[in-house]
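This briefing goes through one model, beginning with a sheet and moving on to overall form, domains and the contact between chains. Please read it alongside the sequence and the structure displayed here.

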Amino acid sequence: MIRTEGLKYAYPNASEVLRGIDLTIEDGEFVAIMGENGAGKTTLVKTFNGLLLPTSGRVMIDGVNTRESSVAQLSKDVGLVFQNPDHQLFSEAVREELAFSLRNFGYGEDAIDRRVANILETLDLARYADSSPFILSGGERKRVALAAVLVWNPKHMILDEPTIGQDYDQKDRLRNFIVQLNTQGKTVIIITHDVEFVAECRPRIVLLSRGLVIGDGPAEDILSDEQLLERGSLTRPQIGALMHQLRDLGFSDRVIDAYSAQQAILHALKRRQ
Amino acid sequence: MSLKVFDGFKFAKLPTPIHMMDPRAKFTMTMGLFVAALMFSNIYALTIIFLVQLPIVYAAKTWKKWAGSMRAGLLFAFLIFAMNFVFGSTLVFSAAMTVRFVSLMSAFSLFFMTTSPDDLGLALEQAHVPYTLSFTFTTAVRLVPTMALDAQTVIDAQRSRGLELDKGNFMKRVRNYIPILIPLIVSAIRRSIELAEALESRGFGASPNRQPLIVLRMRLADYFVVATTIALAAFAIYVSLYVPLPSPDIPITMPKIIPWL
């Protein structure tokens, strides 16, 4: 469980970015952290593995105060995938890139080989195993960065803007993969601006604005609340907008994803017949 | 790892006489300090060169940031001292080299803290340095804070993958920086290619005769600073070449542990 209590954080010589956040994320939850640029989303998740320590309040990871543990220790359970893969790739081969963290965490060579082979397969990277990560395309580099964290199988996975630079096909696969991780019991936290992506996954949304949580609830509640959307600089997803337009015909504007919309429309059609 | 060292080279606009000084006068002053620091290896002289800068730092109201960058430079200062001492220099000479490093760092930090990259570019252009060169230089200066931010992100990303920078023996610690340096260099190269392409798409270098909007003018005070610097630097060169200076007589050296040195 990830729990923050009265969490405040200010960068040196700057005003407060997080201004008192109380948040509990249970094991196995799927959460999207959303909010305008500069709302404090990335800062918030950096406190989850101890990269940033609260200026006041506390962050507890599975009962351990982040102040009392090291980043390396916390990272074993809290895997954080950064937004820009170019900020972490450095090895001559993808295989080596993936083995890096396992070596840091002290795994034996046998276990490393096994885990790397496994993750290469899972993320469809096996054919690049011996290529340099630098010659891969942006989307592939992003996948390597994701694999480089998933490889040690952390209990909680955090992905910062996973959909940026991915085409629709990749986005679809990513969504399936994230949902799959979540069904396997992993806590999945994504930071994103992509309302369409969120609408299709329908996670719990934590909406931040200027360092405070202004909304917290199921995606269909948050993404259909006019006031919250405006405060969080978000727009309705397209399906949500359509249903909103059709509300006079008896449709609920809490329907935000294609499948539920299809069900609602079929239901209405059947009733008319 | 702290990146405070970069703060000591970052420009911030303040209404002090040092900030308002003509960049060419300031550059002359920095060069004067640079030459003087390189001419001497006498600890008294080098200490004076360092102390002379303190009132200027005070006048520029950059005390705190300057102190921060000095603190960040302590590790290098200590390395310089240790290297000199271990490889056979006397205690006094090793200390002198350390003071020289600190003086140089202080002089350049003072210059960059009080001179905006724009002013610097203008000064270079007015000194008839080709625009592409002056632009390259000011861009490099301007990118330092961006690179510092990048470096912090890279460090965060690798620490999140279990990298512990301060763990292990000396060689291991040096090796720990490889995963930091490579992404940093790669992203710097990527950034520079993108920058070049963006500049060219916006017509960089299309017109050979550029007309600057702002023309720098030296004021009386600036001429005074230039004249004083040249006089003092000439004096320093003269003293360093022809006047024997006293030196503290402490002939302590490291016992020769490495026989071939």
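**Briefing on the predicted model**

In this model, which is predicted, chain A holds an open sheet of four strands that runs in the order β2-β1-β4-β5 with antiparallel pairing. The edges of the sheet are taken by β2 (16–25) and β5 (64–65) of chain A, and because each of them has a single partner strand, one side of each is left without a neighbour in the sheet. The points below add detail on this sheet, and then turn to chain A as a whole, its two assigned domains and the contact with chain B.

**Strand pairing in the sheet**

- Strand β1 of chain A, which covers residues 2–10, pairs with β2(A) in the antiparallel sense, and the pairing extends over seven bridges.
- Within chain A, A:Ala10 stands opposite A:Glu16, the latter being a residue of β2(A).

**Chain A as a whole**

- The secondary structure of chain A amounts to 11 helices and 10 strands.
- The radius of gyration of chain A is 20 Å, which agrees with the value near 19 Å that a compact globule of 273 residues would have.
- The C-alpha trace of chain A spans about 65 × 45 × 30 Å along its principal axes, and 45% of the 273 residues in the chain are buried.
- Of the contacts in chain A between residues at least 6 apart in sequence, 60% join residues that are at least 24 apart.

**Domains of chain A**

- The domain assignment divides chain A into domain 1 (2–234) and domain 2 (236–273), and the C-alpha centres of these two domains of chain A lie 32 Å apart.
- Where the two domains of chain A touch, 10 residues of domain 1 are in contact with nine residues of domain 2.
- On the domain 1 side of this contact in chain A, α7 (195–201) and α8 (219–222) each supply at least two residues, and the largest share, four residues, comes from α7(A).
- By residue class, the side of domain 1 of chain A that touches domain 2 consists of five nonpolar, one polar and four charged residues.

**Contact between chains A and B**

- The contact between the chains draws 20 residues from chain A and 18 residues from chain B.
- On the chain B side, α8 (131–159) and α10 (178–201) of chain B each supply at least two residues, with α10(B) giving the largest share, seven residues.
- The residues of chain B on the side that touches chain A divide into eight nonpolar, five polar and five charged.

Methods. Residues numbered from 1 in each chain as written. Chains lettered and ligands numbered in written order. Predicted model: local features only at pLDDT ≥ 70, side-chain atom pairs only at ≥ 80, totals over all residues. Contact = placed C-beta atoms within 7 Å. Nonpolar A, V, L, I, M, F, W, Y, C, P; charged D, E, K, R; others polar. Pairing = 2+ DSSP bridges. Rg over C-alpha atoms; globule rule 2.2 N^0.38 Å. Buried ≥ 20, exposed ≤ 12 C-beta atoms within 10 Å, placed from the backbone. Domains from an automatic or database assignment.
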